[in-house]
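Reader: I'd like a close look at one strand and what sits around it. Could you take me through that part slowly, then show me how the rest of the chain is laid out?

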Amino acid sequence: MPVPATRRVWAIVPAAGRGTRFTGSAAGSAPKQYAPLLGATVLEWSLRALLAEPRVHAVVVALAADDAHWPSVAAKLQNPKLRTTLGGANRQDSVTNGLDALAEQAGADDWILVHDAARPCLNAADLRALLDALDAAGPADGTADSAGAVLAAPIVDTVKRELGDHVATVDRQGLWRALTPQVFAFAQLRHALKEATLAGIAVTDEAQAVERMGLRPILVQGSPFNVKVTRLEDLAVASNILKMTGDTPMRIGQGFDVHAFGEGDHVVLGGVRIAHPMGVVAHSDGDVVIHALCDAVLGAMGDGDIGRHFPDSDPQYRGADSRVFLRVVAARMQAAGLRLINADVTVLAEAPRIAAHRAAMAANLSADLGVPAQLINIKATTTERLGFIGRGEGLAALASVLLGP
């Protein structure tokens with residue numbers, strides 16, 4: 001059952017840690033949340049499912065005061081859901097600061113979802129299951145036995161406890177590994193963390209703080225592949241999991257755009273201004289290459305079309321540079337956990353000729369999409385003087401793309 005619409009969901013990602021156990025020659029000087037992982041950072045992967053889930057209203061990332069790595073991540077993601085706040089000396093301080101940052105917007109009963117910055121393998125299905133389970137978690141005022149929910153995985157290995165001079169086997173029945181996200185009501189979690197801090201107790205997760213209040217969060221079974229990157233070798237494990245269990249399959253999209261010629265002295269194709277005896281009749285700059293490409297990417301994502309996101313009825317887009325549209329579409333693609341595998345674009349026109357401009361066009365498109373230029377193929381053809389294109393009345397473009405996780 002979906003989360004009631006009256007209770008918004010906010011996410012907090014504590015990302016101010018230094019990762020002291022994350023060492024080795026390949027680790028570099030960056031904290032573990034910024035370690036490279038399959039073309040992105042661990043943190044980008046950890047944010048992926050949160051940003052793509054429509055029920056998550058905003059994501060607050062708690063950062064170290066001297067964090068020099070976040071600006072580049074934010075620039076890549078360009079997601080309006082993202083916010084930041086100053087992190088603390090430990091996890092509970094960072095989460096508390098995140099709650100303080102939301103204090104003027106979040107209601108007492110709003111859900112707060114906390115996710116580790118170093119858990120890059122959270123899949124969309126587990127996040128949906130956690131949010132769907134919130135109705136069973138009981139009222140936010142704590143009057144029920146249950147309060148909040150924790151993503152967890154049952155322990156299947158035999159568990160040993162070292163006891164001085166001997167080792168004992170622990171009964172694993174009923175034992176679970178606590179994962180993240182964990183989700184609790186705003187006021188409830190804020191109070192629980194404050195009480196733990198006042199008592200001088202450093203909780204290892206949010207559920208521990210809530211349990212101290214006599215409340216019992218429910219456990220929602222999640223994937224055992226939702227691993228936490230703690231040591232350098234965990235990166236290889238996370239990489240293999242993402243390759244093996246990517247919950248987003250390959251997606252194909254196609255786009256088409258056409259514009260009639262009108263008054264002017266140039267056309268814009270792939271962000272390149274090309275001299276021509278005529279311009280095009282369009283609300284924006286009439287770049288058929290980029291418009292077709294945007295439609296292809298949006299189509300592969302199942303995210304509507306260019307007219308839905310940039311309507312020609314909106315005056316702010318009059319004469320707009322279409323590369324701005326492409327950058328926005330690229331940001332949506334990345335936030336959804338997708339990347340461009342390749343793009344193939346065909347320009348349909350008797351004129352202008354584009355051979356001399358292909359490299360510049362590919363460079364523009366690759367920069368805006370954040371991929372190497374060799375992944376973008378641009379070609380042109382005529383219609384053998386048939387139809388409106390053959391009569392020189394306009395031009396068009398076709399685009400096909402393949403997206404992958």
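Author: Here is a walk through strand 6 and its surroundings, followed by the rest of the chain. Bear in mind that this is a predicted model, where local features need pLDDT of at least 70, side-chain atom pairs count only at pLDDT 80 or more, and totals for chains, interfaces and linings use all residues. Residues are numbered from 1 along each chain as its sequence is written, and side-chain values use heavy atoms, with hydrogens and water left out.

Let's start with the strand itself. Strand 6 runs over residues 111–114; helices (H or I, at least four residues) and strands (E, at least two) are DSSP runs, numbered from the N terminus. Is strand 6 covered on both faces or on one side? Both faces are covered: Trp111 and Leu113 are buried on one side, and Ile112 and Val114 are buried on the other. Buried here means under 20% relative accessible area, exposed means over 50%, and partly exposed is in between (1.4 Å probe, protein chains only). That split fits a general pattern, as side chains in a regular strand alternate between the two faces of the sheet.

Now for the neighbours. Two strands pair if DSSP finds at least two bridges between them. Strand 1 (residues 9–15) pairs with strand 6 in the parallel sense, over 4 bridges, and alanine 11 has leucine 113 as its bridge partner. Strand 10 (residues 176–185) also pairs with strand 6, in the antiparallel sense and over 4 bridges. There, isoleucine 112 stands opposite phenylalanine 184.

Just ahead of the strand comes a charged contact. Arginine 8 and aspartate 110 form a salt bridge, with their closest N and O atoms 3.8 Å apart; the term means a side-chain nitrogen of Lys or Arg within 4 Å of a carboxyl oxygen of Asp or Glu. This pair links distant parts of the chain, 102 residues apart: arginine 8 is in the segment before strand 1, and aspartate 110 is in the loop between helix 3 (91–101) and strand 6. Arginine 8 is partly exposed because its relative accessibility is 33%, while aspartate 110 counts as buried because its value is 7%.

Further along in sequence, aspartate 116 and arginine 119 meet in a salt bridge of 2.8 Å, N to O. Both aspartate 116 and arginine 119 are buried, and they belong to a salt-bridge network that links Arg91, Asp116, Arg119 and Glu206. Elsewhere, glutamate 53 and arginine 55 join their side chains in another salt bridge (3.1 Å, N to O). Glutamate 53 is buried, at 7% relative accessible area, whereas arginine 55 is partly exposed at 24%. The full count is 15 salt bridges.

Stepping back, the protein chain has 12 helices and 18 strands. Its C-alpha atoms fill a box of roughly 90 × 45 × 40 Å along the principal axes, and 50% of its 405 residues are buried.

What about the nonpolar interior? A nonpolar core is a set of buried Ala, Val, Leu, Ile, Met, Phe, Trp, Tyr and Cys residues joined through side-chain atoms within 4.5 Å. The largest one has 45 residues, and those with the most contacts inside it are Leu269, Leu293, Leu340, Leu369, Val401 and Leu403. Helix 8 (288–301) is among the elements that give two or more residues to this core, and its 11 residues are the largest share. Another core, of 37 residues, lies apart from it, with Leu43, Leu127, Leu179 and Ala185 among its members. Back in the largest core, leucine 369 touches Leu293, Leu326, Ala330, Met333, Gln334, Leu340 and Ile376, leaving out residues up to four places away in sequence. Contact here means heavy atoms within 4.5 Å.

One more sheet is worth a look. Its 5 strands run in the order 15-12-18-16-17, forming an open sheet with mixed pairing. Strand 15 (279–280) and strand 17 stand at the edges with a single partner strand each, so one side of each is left without a neighbour in the sheet. Strand 15 pairs with strand 12 (residues 251–262) in the antiparallel sense over 2 bridges, and glycine 279 is the bridge partner of glycine 262.
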